[in-house]
Amino acid sequence: MYSRRSFLKTTGAFGLSAGCFLPILSAKDVPNLPGGDDYKALVCVYLHGGNDSLNMLPPADAANYQEYFDVRGGGENPEEGIAVANTVFDLPDLANKKLTSSTNPYAAEDNESVGLKGVYETGLGLNVNGVMPEIAHLIHNQKIKIISNVGNLVEPLTKEDIASVHKEKPSYLFSHSNQRMQVDIGRADLDSGFGWAGRIADLWFGTEKYDAFPFGMNFSLRANGARMLEGAKTRPYVVQPNPVAFNKMKLMPTGGTPWVQWDENLNRRSMYHYLNGASPINPDDYSYTEYNNWKGYVPSPLDLRNRIPEASPNYLKRVYQKMGMNALRTNDAVLAALGEDLNFTTTDSYGQNLFTVPEEEVLGLTYNNFGSLIQNLETITKMMKVGVSKGYRRQIFLVQHGGFDTHGSQLEVHPRILRELSLGMAHFNSALEELGLSEKVVTYSTSDFGRTVSSNGDGTDHGWGGNQMIMGGGIDKSEIIGKLPSLAIGGADDYSEQGRIIPSIANIQIQAELAHWLGVESDYLTELFPHLPNFQNDSSDATSSFVNLGFSS
Amino acid sequence: MKSSKLSFMSLCFSAVVFPLCILNANSKENFSGQDRNQLLKMSTFGPTAQMVLDLNNSNVINEIADEIEWLDYQLKHPSAYEDPDDDWLSHFQRVEQIATTLEPTVDFHQDYPNEDLKSRADGYRIFNRFAPGTSSYNLDAFQMSAWWDNALGNSDLNSKVGSDQLRQRMAYALSQLLVVSSTIFPLNGRAEGLAYYYDILAENAFGNYETLLRHVLRSPAMGVFLSSVMNQKASLHKNTRPDENLAREFMQLFTIGPYELEIDGSRKRDSDGKSIPTYTQNDIVEMAKVLTGWNLFLFPNWGRLGKGYGSYQHLMQFHPEKHEDELDEFYSKEQDPGIITLFKGKSWETKLDLNASDEMLDGSGSATKSGLDAAIRVLFNHPNVGPFVSRHLIKHFVTSNPTPGYIERVATIFNDDGSGIRGNLKAVLRVMLLDKEAYNQSIEVGGRVKEPLLVLTQFLRAMESRPWPKTESKMLLHESNPRYLQKMYSFRSPQDKINQAALRAFDVFNFYDRDFIPPDENVMMNGLTSQESEIINDNFFPNVQNQFDLIISNYKNYRLKCSDPSNLTGLDDAPEMKYHSPNFIINLEKPLSVLIKGLGKESGFLNDVNGSDFDNDELFTEAVNDLFDWYETNLLFAPLNPNLRSAFIELCVHGFDHRQVLREEDKGQEIALRIVHNSLLLLVTSPEFMVDAGTVPDVTPPEIELIGASALNFKKGDTYVESGFKASDNVFGDMQSKVTITGDVNTSKAGTYEITYSVVDIAGNISEAVKRTIVVAEEVTENPSLYWWTGAESIGNGFYQNWLGQFMPFESGWIYHLDFGWVYVVESDVQGLWMWIQDEGWLWSSSATWPFIWSNQGPKWLYFLSTEQNNFFFDYSSSSFRTIAR
């Protein structure tokens with residue numbers, strides 16, 4: 001007698017879960033866990049909406065700059081141009097924290113000119129926009145690598161390949177949701193899937209030193225848009241800068257006069273557990289009856305142990321129940337983690353404490369909504385400190401910095417978010433150096449796509465390749481990785497006629513190298529990024545797809 | 001091997017199955033009490049006991065169910081839009097009213113400061129021109145307040161606002177499809193534009209979708225939000241071309257979506273199984289040309305947007321000279337200037353004149369020729385629109401996981417309401433809300449996680465909330481400004497606390513991904529989606545609980561300090577509330593009264609109850625029982641799980657420490673308040689209230705259908721090949737993977753064999769067993785089948801090598817495998833092999849799946865790993881390696 005089952009032939013969640021529990025391919029280390037006692041963290045700064053990296057890092061070389069200006073200069077109406085002027089500013093003395101609103105080079109009469117006024121030279125093929133002196137400073141100090149012309153690709157493409165049916169282009173090019181998805185799942189041919197960082201967490205889940213109880217390995221600073229960190233088994237912990245306690249619910253034995261309220265709080269907590277289908281608490285673990293005897297009457301801890309907790313038969317409700325219990329577990333820990341003040345001696349460009357959000361007068365820029373990136377990076381620093389102190393081995397953070405979809409009002413909006421990006425990266429770097437973590441943390445930027453070289457009059461539209469920055473990990477020096485493309489409309493690197501530049505480096509090449517730095521073995525990289533072999537020089541060696549970011553370990 | 005893994009992985013990442021079948025088809029005619037509650041929940045921001053009462057007492061006696069009549073009345077219900085001059089204000093009018101009430105000295109309709117601008121404004125004085133002296137950055141608070149008025153009702157204002165619940169609910173649903181948000185400058189300051197936009201949605205909620213689209217694409221809020229305002233024709237000299245933002249999102253998010261759909265919402269597939277894109281980048285470029293030439297009405301020039309110019313309360317104005325005509329040198333290669341092509345290459349390819357006459361007037365009241373309405377018509381008529389819009393509405397109103405049949409039934413009405421009209425939203429709502437599937441959601445996989453905002457509105461409506469009359473106004477700069485907000489709800493930024501708020505999404509993609517799947521095994525295995533779950537995360541829980549606690553505490557801390565709490569009057573000694581606090585004041589009089597009466601105090605008044613009234617355990621328990629009866633009838637509108645209910649009662653009677661009360665005369669009141677506060681808070685933040693589970697247990701077993709004959713003949717010695725089967729369940733859909741097959745077929749021995757197929761659904765219903773009879777005979781006039789290893793490479797000495805490894809086949813199905821030893825092999829239907837290995841039992845694999853192996857023991861997956869020293873199976877069920885004995 002035998003029994004058999006048949007299989008789902010095509011899609012099916014069964015395939016979904018099974019296929020994503022892939023083990024390593026080499027037998028030597030079981031399972032695939034980074035060796036050693038070190039701590040490493042990866043921080044992804046997601047520039048939400050598609051960053052116009054051409055105005056962030058304008059070309060330095062005269063011929064390249066001319067190409068850029070020809071397209072963006074506004075032609076016969078220079079006042080309508082959106083090109084950054086080639087005026088070179090002296091880099092302010094940031095080392096001595098001397099930037100003030102009167103000495104900042106980008107100050108301008110009207111808001112719209114601030115982002116176009118000029119640049120800092122770097123000695124590399126790209127300059128830095130005048131609103132980002134901190135980035136220029138970091139580049140001068142050999143701390144930032146620029147990845148030129150990187151974007152989503154399935155396989156390398158030239159302009160001729162675009163028309164060919166034999167070459168696979170990313171699906172749904174220029175669509176936010178699809179391009180974003182492809183950045184998050186590590187492949188440019190599908191429109192849904194698990195995040196690549198989520199799958200790393202799945203891979204290491206349950207192993208010693210991964211199990212970063214109660215949070216897990218991955219952290220997002222926002223509730224949605226965190227697909228990169230969502231795996232089949234694991235979900236990121238969503239952390240806010242100012243988390244709220246469950247204190248109003250009075251579920252914890254804290255506050256008030258102990259012997260009067262604590263048992264009551266435990267009773268409420270028991271009920272909370274029970275409602276969420278979780279095992280009731282054991283009152284004996286929390287007995288405060290020695291205090292209660294003083295007053296005589298003791299409300300007996302509500303003993304729900306005889307009640308069998310019921311996970312709801314409804315699947316969605318059950319998910320909700322689990323989340324409710326998880327929130328309770330993590331609440332204490334996150335309050336403790338974020339409650340502690342970080343006291344740094346280093347100060348920022350304005351001589352203020354690190355992670356202070358500068359006022360408008362100090363910045364010389366008006367803004368509405370400024371500072372969430374800076375606050376989020378501070379939160380990340382705190383969670384890192386906790387991670388290190390608890391012996392967590394790996395942490396991956398995603399922070400989203402918003403508003404880059406500058407179809408319109410680019411000149412009003414872009415300089416402000418670039419300014420905040422510059423300040424944020426600088427504060428973060430200083431903090432990490434002071435904590436001794438700067439070699440253990442890699443911070444990198446990524447985005448949906450770059451933007452069109454050409455303007456629509458008030459801004460730019462969705463492009464493809466763009467420039468990104470990488471900091472930390474003990475990189476050896478500042479440089480530009482990759483070639484600078486032609487920016488001519490309809491030129492050698494233009495997808496078509498609007499200046500959407502075909503990337504020369506694929507996002508997955510960078511992501512794979514970062515994953516490898518974190519400790520994912522090279523044999524597994526192709527499981528994470530199935531199209532990686534298309535970028536390998538040596539088909540048997542995944543690391544041959546790397547651009548060589550120069551990390552120290 | 002690598003490529004097979006890749007294809008396996010790509011299978012893993014492909015689209016999700018729509019698993020559900022319906023229990024009943026078509027429209028509902030009769031309603032139980034539970035059905036009635038469901039209808040009220042779906043059609044409003046929260047049922048109230050009064051509504052249920054009114055429905056029950058409906059006097060009309062005819063053959064049509066009261067519930068259907070109620071729904072039809074809602075669909076004809078008067079609104080603020082019939083008479084702009086009455087006291088039933090639209091969202092925009094209410095924003096104006098609040099602004100002018102709170103700052104009576106400010107002239108919100110100031111003239112422009114200089115003559116040139118003034119003359120261009122043509123005498124019209126725009127509201128909130130952000131002129132100096134106005135505190136315009138507070139208008140978003142007023143717009144949110146107007147939203148609360150319409151969601152909750154505001155009896156302090158009048159009895160009409162908020163009475164058109166279904167209309168307002170539909171506007172809210174539409175605001176998540178046609179998304180506009182305050183996150184784009186300067187909409188947070190010019191928030192009257194958000195209110196004006198919301199009025200467009202509400203006014204057209206029961207109208208036609210095409211009309212709605214025409215308004216939306218001309219609206220100033222959408223124009224700013226998706227940067228189509230001041231979008232102008234291409235210019236080679238300036239090197240600019242039309243902005244594509246609105247063009248893209250109009251197609252991707254407002255009408256057709258990125259993939260071609262069947263009418264049941266499932267994706268169409270090409271011959272390779274891939275989705276078929278609906279539009280190309282070229283379509284967007286063409287569409288962008290149509291959307292040129294529009295600017296805010298009364299905008300002084302064509303330049304930078306700024307915050308002080310233009311009207312956000314008129315549709316945009318068209319400027320033909322800025323409209324694309326393809327005559328600029330930029331289009332030197334253009335064949336046919338002035339004509340664009342949409343959907344080139346598709347069967348619905350359409351050429352449009354960029355100067356086609358529009359059917360609607362623009363914001364200045366002029367007739368226009370922009371091609372806009374013609375382009376809208378092309379998109380509107382695309383077959384995707386019906387299922388695209390229907391699916392969105394069902395997910396918002398009814399369930400996260402509609403069956404394809406449900407989507408199809410609603411989309412069919414979208415396509416034609418029965419009288420030849422396409423896009424009739426009233427008809428769509430009606431068919432959706434009366435479909436039986438809305439009332440037969442399965443306990444296991446039905447329902448949805450409630451949107452946090454709807455949880456809040458349901459609670460506030462059930463508890464008869466009103467705004468606190470002594471809420472401080474923020475606008476206190478001038479002496480003559482009123483100190484307090486006037487009859488005004490104040491909860492400005494719900495998105496900060498509960499992760500969503502109307503017109504406050506982070507971007508045009510709304511609060512959550514429509515197809516979000518929470519990472520949970522059962523959810524994933526059944527292909528369920530739950531969009532709301534994406535914004536429910538760890539910090540949501542303490543946030544939402546603290547908000548509810550605050551609101552419930554307001555009763556004691558504010559309402560009870562009035563001399564007449566019942567009517568919320570006599571506020572002289574009552575405290576003031578800060579402007580930034582949510583100022584909802586609920587009414588706990590009824591639940592308190594029920595509890596107190598249950599203790600034997602007939603008046604039910606708080607003043608009449610003493611501490612000693614709670615001493616009798618039995619009476620106390622009875623009273624709390626009554627309280628929970630009240631909750632079921634007035635808040636949950638559903639019965640509470642009896643185990644949870646009894647635990648709650650235990651908590652209330654024995655769980656709280658009443659020694660904290662300082663004064664004996666307060667003791668009774670304090671205890672009563674504490675009981676109600678705690679039970680209400682825990683109840684309303686529990687999964688029972690936060691999640692709408694289904695109510696219908698599934699009692700229908702699944703069905704199996706054989707592919708191929710149910711009686712087959714095989715020749716002795718041939719290999720038996722399973723010809724396949726299908727299995728489906730009324731609730732859980734496709735069950736094929738879960739079928740169990742039992743029975744022997746030994747083709748080496750003549751005889752008659754029987755194979756039995758059966759399957760059990762998740763609810764435990766077992767199918768009727770289906771059998772296939774196999775007759776094995778000496779001779780049969782059929783072609784002998786090939787041995788399964790044909791195609792393997794012979795490597796001498798009788799050995800073969802293929803994906804399975806190296807082996808030597810023997811007779812009657814046995815092979816000797818170099819890694820596994822003796823293995824009995826039977827070919828299976830999906831081009832795979834069943835292998836019986838001692839100590840392992842039955843294993844299955846195929847060339848596409850190897851080295852992943854399915855083990856019947858468990859069942860579970862295994863992964864085969866071979867090294868020099870040993871062979872291993874990685875066992876997924878225990879997440880561990882084990883050596884294979886050879």
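This is a short tour of chains A and B in a predicted model.

**Stop 1: chain A as a whole**

Select chain A. Its secondary structure comprises 15 helices and 15 strands. The chain has 553 residues, and 57% of them count as buried. Now consider contacts with a separation of 6 or more. In chain A, 70% of these join residues 24 or more positions apart.

**Stop 2: the two domains of chain A**

Colour residues 37-242 and 344-545 as domain 1 of chain A, then 246-339 as domain 2, following the domain assignment. How far apart are the C-alpha centres of these two domains of chain A? They lie 43 Å apart.

Next, look at where the two domains touch. Domain 1 of chain A puts eight residues in contact with six residues of domain 2 of chain A. Select helix 12 of chain A, residues 372-389. On the domain 1 side, this helix gives the most to the contact with domain 2 of chain A: four residues. By class, that side of domain 1 of chain A has six nonpolar residues, one polar and one charged.

**Stop 3: the domains of chain B**

Move to chain B. Four domains are assigned here: domain 1 (216-380), domain 2 (452-692), domain 3 (703-777) and domain 4 (793-883). Show domain 2 and domain 4 of chain B together. Their centres, taken over C-alpha atoms, are separated by 61 Å.

**Stop 4: helix 10 of chain B**

Select residues 209-218 of chain B. This is helix 10, and eight of its 10 residues are buried. Which residues of helix 10 of chain B are the buried ones? They are B:Tyr209, B:Glu210, B:Leu212, B:Leu213, B:Arg214, B:Val216, B:Leu217 and B:Arg218.

Now add the surroundings. The cover over these buried residues of chain B includes helix 9 (192-203), helix 11 (220-225) and helix 12 (245-255). It also includes helix 14 (372-380), helix 15 (385-397) and helix 17 (425-433) of chain B.

**Stop 5: helix 15 against helix 16 in chain B**

Keep helix 15 of chain B and add helix 16, residues 404-415. The two pack at an angle of about 125°, with their axes 8 Å apart. That angle is why helix 15 of chain B counts as oblique to helix 16 of chain B. The crossing of these two helices of chain B is right-handed.

Show side chains last. From helix 15 of chain B, select B:Gly386, B:Pro387, B:Val389, B:Ser390, B:Arg391 and B:Ile394. They meet B:Tyr406, B:Ile407, B:Val410, B:Ala411, B:Phe414 and B:Asn415 of helix 16 of chain B. By class, this contact has eight nonpolar, three polar and one charged residues.

Technical notes. Residues numbered from 1 in each chain as written. Chains lettered and ligands numbered in written order. Predicted model: local features only at pLDDT ≥ 70, side-chain atom pairs only at ≥ 80, totals over all residues. Buried ≥ 20, exposed ≤ 12 C-beta atoms within 10 Å, placed from the backbone. Contact = placed C-beta atoms within 7 Å. Domains from an automatic or database assignment. Nonpolar A, V, L, I, M, F, W, Y, C, P; charged D, E, K, R; others polar. Axes fitted to C-alpha atoms, helices over the stretch in contact; angles between N-to-C directions. Parallel < 35°, antiparallel > 145°, perpendicular 65-115°, else oblique. Left-handed = near helix turned anticlockwise from the far one by under 90°.
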